[in-house]
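Visitor: I have the sequence and the model open side by side. Could you take me through the contacts that tie the chain together?

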Amino acid sequence: MAFKLSISLALLAILVLVVGSEAGGIAVYWGQNGNEGTLAETCATGNYDYVILAFLPTFGNGQTPMINLAGHCDPYSNGCTKLSPDIKSCQVKGIKVMLSIGGGAGSYYLTSKEDAKQVANYLWNNFLGGNSSSRPLGPAVLDGIDFDIEGGTDQHWDDLARFLSAYSKQGKKVHLTAAPQCPFPDAWVGNALQTGLFDYVWVQFYNNPPCQFSGDIANLEDAWKQWISSIPAQKIFLGLPAAPDAAGSGFVPVADLTSKVLPAIKGSAKYGGVMLWSKYYDDQTGYSKSIKSRV
């Protein structure tokens, strides 16, 4: 009997491994359109496993860091502290909530290792597990920091990652994620990603014709293989626009995603799922709901 039980448990473990390697989640960016619903409503849809707050576009080089959540709240009057209960409601559901630093338009760059240390200290005390009298999002403790670096310089992002990661020793783990462009290596955070400190990397397979889906899977598949074999991250995600209008190029119709793209990449041990830009565009198309059972 004991022998049969151990065989059953072994088979169950194998099944969990097989199923686990196939199962992916959906990450979504929220915060850049006041008409995309509240953060609490976003998490209540049940469609997302990760919600990334966009953005903290001003920091580094001695600048006063400033969050920008578009029409959702006014940080200048401490209006974004009202998001704290929403953040906690997401986390209670098991959804990780990250703060994205950078973005497509902003004023950010790191001038030195010391500058990176100061920015890490600011992020820890104002958004993570530290203490500050001026926490922009209130007392809620975010799950980590997302690097969406698309400008400035390519210097010291590896230092920032190391300083942030070190704070994990003080209690709650600080998850690190990144949104590099699909041409490999990424021009901005390529060095940082080699630290091996990033948990989830959602690669932007859009606005990049050489490696995005164009009806033919070959370019995307080649780029995907390079990412999963070259980056020491826990999971790699396929970053996509949630609607044709969400990006200049790279939108993948649901039918193509489920029949061509996902079957080509889901077998990877590092496959983590799909990242979508953004909640506002996802509301227009219902993209996440259409793909959730296939991701």
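## Contacts across the chain

Guide: Start with Asp143, which is buried, with a relative accessible area of 10%. The model is a predicted one.

Visitor: With which residue does Asp143 form a salt bridge?

Guide: Asp143 lies in the loop between H4 and E6, and its partner is 29 residues away, in the loop between H5 and E7. The closest N and O atoms of the pair are 3.3 Å apart. The partner is Lys172.

Visitor: Is Lys172 buried or partly exposed?

Guide: The relative accessible area of Lys172 is 40%. Buried would require a value under 20%, and exposed a value over 50%. Lys172 is therefore partly exposed.

Visitor: Which residue forms a salt bridge with Lys173?

Guide: The closest N and O atoms of this pair are 3.2 Å apart. Lys173 sits in the loop between H5 and E7, and its partner sits 26 residues away in the loop between H6 and E8. Lys173 is partly exposed, with a relative accessible area of 40%, whereas the partner counts as buried at 6% relative accessibility. That partner is Asp199.

Visitor: How far apart along helix H7 are Glu221 and Lys225?

Guide: The side chains of Glu221 and Lys225 meet in a salt bridge, 3.9 Å from N to O. Lys225 is partly exposed, with a relative accessible area of 46%. Both residues belong to helix H7, and their separation is about one helical turn because they are four residues apart.

Visitor: How many salt bridges does a search of the whole structure find?

Guide: The pairs Asp143 with Lys172 and Lys173 with Asp199 are salt bridges. Asp158, Asp159 and Arg162 are joined into one network by salt bridges that share partners. The search of the whole structure finds seven.

Visitor: Which strand is joined to E7 by four bridges?

Guide: The two strands run parallel. Thr177 in E7 is the bridge partner of Asp146. Together with H5, the two strands make a right-handed β-α-β unit. The strand is E6, residues 144-149.

Visitor: In E8, which residue is the bridge partner of Ala178?

Guide: E7 and E8 run parallel and are joined by two bridges. The bridge partner of Ala178 in E8 is Val201.

Visitor: Which residues point the other way from His175 and Thr177 in E7?

Guide: In a regular strand, side chains alternate between the two faces of the sheet. In E7, His175 and Thr177 point one way, and these two and the pair pointing the other way are all buried. The opposite pair is Leu176 and Ala178.

Visitor: What pattern do the disulfides of the chain follow?

Guide: A search of the whole structure finds three disulfides. They join Cys43 to Cys90, Cys73 to Cys80 and Cys182 to Cys211. With bonded cysteines counted along the chain, the pattern is 1-4, 2-3, 5-6.

Visitor: Which helices hold Cys43 and Cys90?

Guide: The sulfur atoms of Cys43 and Cys90 are 2.0 Å apart. The two cysteines are 47 residues apart and link distant parts of the chain. Cys43 is in helix H2, residues 39-44, and Cys90 is in helix H3, residues 84-92.

Visitor: What is the handedness of the disulfide of Cys182 and Cys211?

Guide: Both cysteines of this link, Cys182 and Cys211, are buried. The torsion about their S-S bond is about 80°, so the disulfide is right-handed.

Visitor: What is the angle between the planes of Trp124 and Tyr167?

Guide: A search of the whole structure finds 21 aromatic pairs. Trp124 and Tyr167 form one that is stacked, 4.6 Å centre to centre. Trp124 is in helix H4, residues 113-127, and Tyr167 is in the loop between helix H5 and E7. The angle between their planes is 5°.

Visitor: Why does the pair of Tyr200 and Trp202 count as stacked?

Guide: Tyr200 is buried at a relative accessible area of 6%, and Trp202 is buried at 0%. Their ring centres are 6.1 Å apart. Planes under 30 degrees apart count as stacked. The pair is stacked because its planes are at 25°.

Terms used: Residues numbered from 1 in each chain as written. Predicted model: local features only at pLDDT ≥ 70, side-chain atom pairs only at ≥ 80, totals over all residues. Heavy atoms only, no water. Disulfide = S-S within 2.5 Å. Buried < 20%, exposed > 50% of the residue type's maximum accessible area, 1.4 Å probe, protein only. Phe/Tyr/Trp six-rings, centres within 6.5 Å; stacked < 30°, edge-to-face > 60°. Pairing = 2+ DSSP bridges. Right-handed = clockwise from strand over helix to strand, strands pointing away. Salt bridge = Lys/Arg side-chain N within 4 Å of Asp/Glu carboxyl O.
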